[in-house]
Amino acid sequence: MERFDVLVAGAGASGMCAAVAAAREGARVLLVEKTGLLGGSNTQSLVCPLMGFHAGGQQVVRGLAQEIVERLREKEGTLGHIPDPLGVAETITPIEPETLREVYFDLLREEKGISPLLHTLVMEAHVEDGRIQGITMAGKAGKTEARASVYIDATGDGDLAAASGVPFTQGRPSDGAAQPMTLLMKLGGVDLEKVRSFMRRSPSQFVLRDDWDTMPYIAVSGFFEKVEQARARGELTLPRDRVLFFQGVREGEVIVNMGRVIQCRSTDAMDMTRAEMEGRRQVREILNFLKNHVDGFEASFLVETGATIGVRESRHFRGLYTLQAEDVLRGAMFDDAVAMCGFPMDIHDPLGKDLAWTQMTQWQGYDIPYRVMVPETLENLLVTGRCVSATHEAAASARITPTAMALGEAAGIAAALSKETRVQDMDTGLLRERIRTWGGIPGRESLPR
Ligand SMILES: Cc1cc2nc3c(=O)[nH]c(=O)nc-3n(C[C@H](O)[C@H](O)[C@H](O)COP(=O)(O)OP(=O)(O)OC[C@H]3O[C@@H](n4cnc5c(N)ncnc54)[C@H](O)[C@@H]3O)c2cc1C
């Protein structure tokens with residue numbers, strides 16, 4: 001295979017943005033993805049809505065992420081940015097995962113600088129003199145090698161960085177347990193007016209903004225009593241304290257984010273097998289519960305489940321800087337900021353049924369510095385998306401899709417600019433300028449005052 005300027009491992013939200021940004025900066029890009037889909041957890045596992053585009057009354061993520069929303073809008077695959085009725089984020093952006101799949105393939109067809117390679121797993125890295133010299137990939141035909149000047153790990157789990165020997169932690173520091181996994185599902189035939197009417201009668205059973213009932217869109221975090229009763233009867237055995245679902249883009253559809261599989265590592269195939277089996281068992285349990293006990297779901301039906309279970313957390317790399325909970329809470333600003341996040345910390349209990357999110361008031365979001373993507377040791381590797389250098393708590397915020405996209409865009413531009421240099425020597429002033437030129441927001445300082 002020819003030598004590329006940039007090799008992106010993983011074509012999820014972050015990897016897609018990285019590949020497109022690098023190509024638009026003139027780099028020849030090899031994009032390697034282990035499945036046949038582009039878009040990662042949003043398209044493989046039905047993760048939606050997108051959350052955290054806004055904070056403090058301003059849009060804090062733009063650039064390629066916003067372009068993707070516009071492309072979805074043209075195909076009627078999103079309702080756009082709308083207020084979050086739960087009040088967790090300032091806005092949410094409901095999307096149709098099937099349309100997102102199409103949008104990513106459109107992008108790939110248009111970007112002539114990207115050579116895509118699907119159904120190929122990035123396996124090994126050959127490191128010499130502090131640089132990745134090449135990687136080994138696996139496909140049906142066996143092993144192949146590829147080489148590039150700069151590598152971007154956008155695998156979510158950080159497979160390439162791990163194979164390159166970059167130090168990492170996994171899960172939370174106390175016991176290594178990671179946030180639970182969830183197999184999401186889409187249901188149709190839901191009577192949302194009936195759901196709304198129940199919510200009006202029993203508001204204490206829900207987490208809601210005060211003005212939720214003035215909004216045309218519905219999201220539900222609650223039915224606490226019904227869940228507790230079903231658990232007591234033994235009808236619900238999964239470790240979860242509530243029903244969580246979001247109205248979909250199409251009439252009568254909802255995305256249910258209620259399943260919970262705990263104590264599994266996404267980097268262990270045996271654990272992942274157990275997680276997929278348990279996730280699928282839970283689907284039927286949840287369906288029966290909703291149909292039998294939740295107003296509005298009597299005539300509902302299963303449209304689809306995620307092709308794979310959704311993984312919230314796995315490896316966290318040690319970068320030149322590690323994002324801290326404190327940075328999220330105080331709305332940190334950094335001189336080398338390359339992206340922003342408008343989503344609070346949202347920790348699904350790694351061992352139990354609870355959910356803890358930090359209610360943020362008067363919060364304007366926070367900056368993410370370039371250094372969280374730069375490993376200490378290697379000169380030509382950037383890590384982006386879900387597995388950047390962040391603590392368990394900070395990652396519970398920064399893992400959100402719009403921010404993964406913004407980080408990917410920054411990583412792609414940085415890689416294209418680092419073809420001849422070390423990623424540690426990046427001129428972050430120039431990088432921030434390029435992000436702005438492409439319509440992105442490299443930190444709070446760039447927001448209109
Ligand atoms: C259950 C759940 C609910 C969530 N809810 C929300 C929500 O409501 N709103 C929101 O905005 N975010 C939500 N998130 C978070 C969000 O989905 C992700 O954290 C974010 O999209 C991560 O994007 P990514 O590109 O970093 O990783 P991923 O989406 O995981 O993409 C990684 C890509 O790399 C590929 N890959 C992996 N390993 C290899 C390899 N070795 N070789 C080649 N390819 C590889 C994968 O197939 C995939 O395509 C949720 C996540 C989960 C799991």
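Proline 49 is found in the loop between helix H2 and strand S3, and this is a good place to enter the structure, which is a predicted model. The peptide bond that joins cysteine 48 and proline 49 is cis, with an omega of about 5°. Most residues other than glycine have a negative phi, and most peptide bonds are trans. With that background in mind, two further residues deserve attention for their phi angles.

Aspartate 129 has a phi near 50°, a positive value in a residue other than glycine, and its place is in the loop between S9 and strand S10, which spans residues 131-139. Phenylalanine 223 likewise is not a glycine and has a positive phi, of about 60°, and its place is in the loop between strand S14 (219-222) and helix H7 (224-233). Are these two loop residues buried or exposed? Aspartate 129 counts as exposed because it has 6 C-beta neighbours inside 10 Å, whereas phenylalanine 223 counts as buried because it has 27 C-beta neighbours inside 10 Å.

From these single residues we can turn to the protein as a whole, which is divided into domain 1 (3-176 + 314-446) and domain 2 (185-305). The centres of the two domains, taken over C-alpha atoms, are separated by 28 Å. Where domain 1 and domain 2 meet, 24 residues of domain 1 are in contact with 24 residues of domain 2, and the side of domain 1 that touches domain 2 is made up, by class, of twelve nonpolar, six polar and six charged residues.

The next feature to look at is the ligand and what surrounds it. Of the 36 residues around the ligand, those that come nearest are Gly10, Gly12, Gly40, Gly156 and Gly385. The elements that give two or more residues to this shell are helix H1 (13-24), helix H2 (41-44), strand S3 (50-51), strand S9 (121-128) and helix H11 (401-417). Which element gives the most to the shell around the ligand? That element is H1, with three residues. Sorted by class, the shell around the ligand has 14 nonpolar, 15 polar and seven charged residues.

Helices H1 and H2 appear again when we follow helix H4, which runs over residues 97-110. H4 has 14 residues, and from its first C-alpha to its last it reaches 20 Å, close to the 20 Å expected at 1.5 Å a residue. Buried in H4 are Pro97, Leu100, Val103, Tyr104 and Leu107. These residues lie on the same side of H4, because they cover an arc of only 105° around the axis. An α-helix has 3.6 residues a turn, so residues three or four places apart point the same way. The cover over the buried residues of H4 includes H1, H2 and helix H3 (63-74).

Helix H12, residues 428-437, can be read in a similar manner, since its buried residues are Leu431, Arg432, Arg434 and Ile435. Because they cover an arc of only 160° around the axis, they are on the same side of H12. On the other side of H12, the residues Gly429, Leu430 and Thr437 are exposed. Among what covers the buried residues of H12 are H3, strand S19 (337-341) and H11. Just after H12 comes glycine 439, which takes a positive phi of about 95°.

Finally, two residues in strands show how parts of the chain that are apart in sequence can be brought into contact. Alanine 55 lies in strand S4, residues 54-55, and alanine 55 is buried because 25 other C-beta atoms lie within 10 Å. Alanine 55 and threonine 361 are 306 residues apart in sequence, yet 9.9 Å apart in space, C-alpha to C-alpha. If neighbours within four places in sequence are left aside, alanine 55 is in contact with Val60, Glu90, Gly342, Trp363, Gln364 and Gly365.

Threonine 144 is found in strand S11, residues 142-153, and threonine 144 counts as partly exposed because it has 14 C-beta neighbours inside 10 Å. Threonine 144 and methionine 1 are 143 residues apart in sequence and 8.5 Å apart in space, C-alpha to C-alpha. Not counting residues up to four places away in sequence, threonine 144 touches Met1, Met137 and Gly139.

Conventions
Residues are numbered from 1 along each chain as its sequence is written. This is a predicted model: local features need pLDDT of at least 70, side-chain atom pairs count only at pLDDT 80 or more; totals for chains, interfaces and linings use all residues. A residue is near a molecule or strand if its C-beta atom, placed from the backbone, lies within 6 Å of it. Helices (H or I, at least four residues) and strands (E, at least two) are DSSP runs, numbered from the N terminus. Ala, Val, Leu, Ile, Met, Phe, Trp, Tyr, Cys and Pro count as nonpolar, Asp, Glu, Lys and Arg as charged, and the others, Gly among them, as polar. Domain bounds come from an automatic or database domain assignment. Two residues are in contact if their C-beta atoms, placed from the backbone, lie within 7 Å. The expected span of a helix is 1.5 Å times one less than its number of residues. A residue is buried if 20 or more other C-beta atoms lie within 10 Å of its own, exposed if 12 or fewer, and partly exposed in between; C-beta atoms are placed from the backbone. The arc is that of the directions from the helix axis to the C-beta atoms.
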